[in-house]
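Here's a quick walk through a protein model, from its open spaces to its packed interior. Have a look at the structure first, then read on.

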Amino acid sequence: MTSSGGPTADTILVAGTASHVGKSTVAAGLCRLLADRDLSVAPFKAQNMSNNARATPGGEIGVSQYVQARAARVPPRTDHNPVLLKPRGDGESQLVVDGEAVGHFAAGAYYDAHWDKALTAAREAHARLAADHDVIVAEGAGSIAEINLHDRDLANVETARFADADVLLVADIERGGVFASLVGTLELVPDDVRERVVGAVISKFRGDESLLAPGLSAFEERTGVPILGVLPYDDPGLPEEDSVALPSVGERAIRGADDGVSDDRSVTVAVPRLPRISNFTDLQPLAAVPGVRVAYVPLSDPLDDADAVVLPGSKNTVDDLLALRKAGFGDALSEFDGPVVGLCGGYQLLGEEIRNADIEGTSGRERVEGFGLLPVTTTFSTDKTVERVERRLRGVGPLTGASGPVEGYEIHMGDSALVGDAMRPLEGSGAATDRVLGTYLHDLFANDVALDAFVRNTFEHAGIEPLAPLGDDRPSPYDRAASLLAAYVDPGPLPVEW
């Protein structure tokens, strides 16, 4: 539509009754569905809280908005997620505004000293997107009905207001109490935001929908809000936004075990469930390979049933290293004889030593000894690397047999230098021995050449014949999410159609 101030986009705010109800899937599906209808679409999340981030040319943004930009077929940019909070433990988060790290703050300090800056950044980012696109698909955060936050709810209440948004409410029926969640949410949102709710979607439904029909009718009669669709339980395979999808610290969980492959034909990749784990979406391509189980394990668990180990990223490498040592993980890792890969913070953990450790960790130590599996020393500084990278892979160690270009991104504090003999798995970066590899490259396993080599070598170490490759004819997760919405959601009062 057009206003006196220039062209502006229609905004659809995908809000939730709670966290992890399917907002990201609905938002990504909308982005792809509308892009397929030749509309210019942009994702938006005014404020995100996640340690799963991606690098763009202007800085870092939350993984969901990066994914949604790809779904919308537009280049990811910092305007898609102008405010990002990255929890680092002890009640503090790193504040990232317009892609640049501002500092570490407790929640109270953020709201007292930086709220106005964050609100302004979000307003201005939305205005720029609105001038460039037909539709903005905004994603809320958590629940839109958090009454203790309504005066400072940037991702939900404030976005609905400054974007003049139509609100689509999403609720998860798998948790139970879906109608209570919907009705309660509508009762608790501010009156002006309640008036913007044009419809609701129920997600993760299993069973006979005819049994749900009386509840749908009763809800619509009580609230006047139409149910626009009931989505069946289906995971399109989009990257997870936050650690809600992971087991709690100290618990074990396995991903990829529902692929129909018997246990005796499968391999297990153990991933320590770090207290401050970040960018664990690096592991999702592995879990999607038939016959590969990604097991998130407590730090004190032995590695007896593991065929390979991947150390993931960490928002606080130093404190996670100390937690691993206290749990005895270092001893278990030193006795393990299979392939080991460290990604970003996991790479730093595998080295000889971390220097200037007090810059990142809370222990007050200036030097911390690493696990010593790679001849590398990491030195922390206040500088932060945030960049997209393209490099050539040299197949060594756990990636033996691989060769070719790979791409991904780097987001890290500190730099690592070789202090002994080691191979370089990527041109000019990383380190590897015959069975251990470390790299700062996130999305390593999103590259088929690296994924195939690691899986093949893990199967070989386990003495199991690997299954046939998946091939390139699989539908993208963006297309799968779009197909879900197209099949089960009626756009009705939304300012779009399909």
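## The second largest pocket

A word on terms: on a 1 Å grid over the protein atoms alone, a pocket is an open set of points with protein on both sides within 12 Å along at least five of seven lines, while a cavity is a set of points where a 1.4 Å probe fits but cannot get out; lining residues have an atom within 4 Å of a point. Grid points are joined across faces, edges and corners, and a volume is the space filled by probe spheres set on the points. The second largest pocket holds about 240 Å³ of space. Its lining runs to 21 residues, with Ser 314, Lys 315, Glu 360, His 412 and Met 413 closest to the centre.

This is a predicted model, in which local features need pLDDT of at least 70 and side-chain atom pairs count only at pLDDT 80 or more, whereas totals for chains, interfaces and linings use all residues. Residues are numbered from 1 along each chain as its sequence is written, and side-chain values use heavy atoms, with hydrogens and water left out.

Which parts of the fold build the lining of this pocket? At least two residues each come from β8 (83-89), α12 (345-349), β24 (376-394) and β25 (403-418), and β25 gives the most, with three. Helices here are DSSP runs of H or I with at least four residues, strands are runs of E with at least two, and both are numbered from the N terminus. As for chemistry, the lining of the second largest pocket has five nonpolar, 11 polar and five charged residues. In that count, Ala, Val, Leu, Ile, Met, Phe, Trp, Tyr, Cys and Pro are nonpolar, Asp, Glu, Lys and Arg are charged, and the others, Gly among them, are polar.

## One cavity

Now for enclosed space: there is one cavity of 30 Å³ or more, and the largest cavity has a volume of about 30 Å³. Val 26, Leu 30, Leu 168, Val 201, Leu 485, Val 489, Leu 494 and Trp 498 line the largest cavity. By class, that makes eight nonpolar residues, no polar and no charged.

## Nonpolar cores

A nonpolar core is a set of buried Ala, Val, Leu, Ile, Met, Phe, Trp, Tyr and Cys residues joined through side-chain atoms within 4.5 Å. Buried means under 20% relative accessible area, exposed over 50%, and partly exposed in between (1.4 Å probe, protein chains only). The largest core takes in 66 residues, and the ones with the most contacts inside it are Leu 286, Leu 303, Val 309, Val 310, Leu 333, Phe 445 and Phe 454. Helix α13 (residues 448-462) is the top contributor to this core, with six residues. Another core, of 48 residues, lies apart from it and includes Ala 9, Ala 42, Ala 122 and Val 189.

What does Phe 454 touch, leaving aside neighbours within four places in sequence? Its contacts (heavy atoms within 4.5 Å) are Val 269, Leu 286, Ala 308, Val 310, Pro 339, Val 341, Pro 398, Leu 399 and Phe 445.

## Helices α2 and α10

Helix α2 (residues 63-71) is largely enclosed by the rest of the structure, because eight of its nine residues are buried. Those eight are Val 63, Ser 64, Gln 65, Tyr 66, Val 67, Gln 68, Ala 69 and Ala 71. After α2 comes Arg 73, with a positive phi near 60 degrees.

In helix α10 (residues 317-327), the buried residues are Thr 317, Val 318, Asp 319, Asp 320, Leu 321 and Leu 324. Gly 328, just after α10, has a positive phi of about 85 degrees.

## A few residues worth a click

Most residues other than glycine have a negative phi. His 20, though, has a positive phi near 60 degrees; His 20 sits in the loop between β3 (10-16) and α1 (23-35) and is partly exposed, at 32% relative accessible area. Lys 204 also has a positive phi, of about 60 degrees, but is placed in strand β13 and counts as buried at 19%.

Ser 203 is in strand β13 (residues 197-205) too, and is buried at 4% relative accessibility. Beyond its sequence neighbours within four places, Ser 203 is in contact with Val 21, Val 170, Ala 171, Asp 172, Ile 173, Glu 174 and Leu 231.
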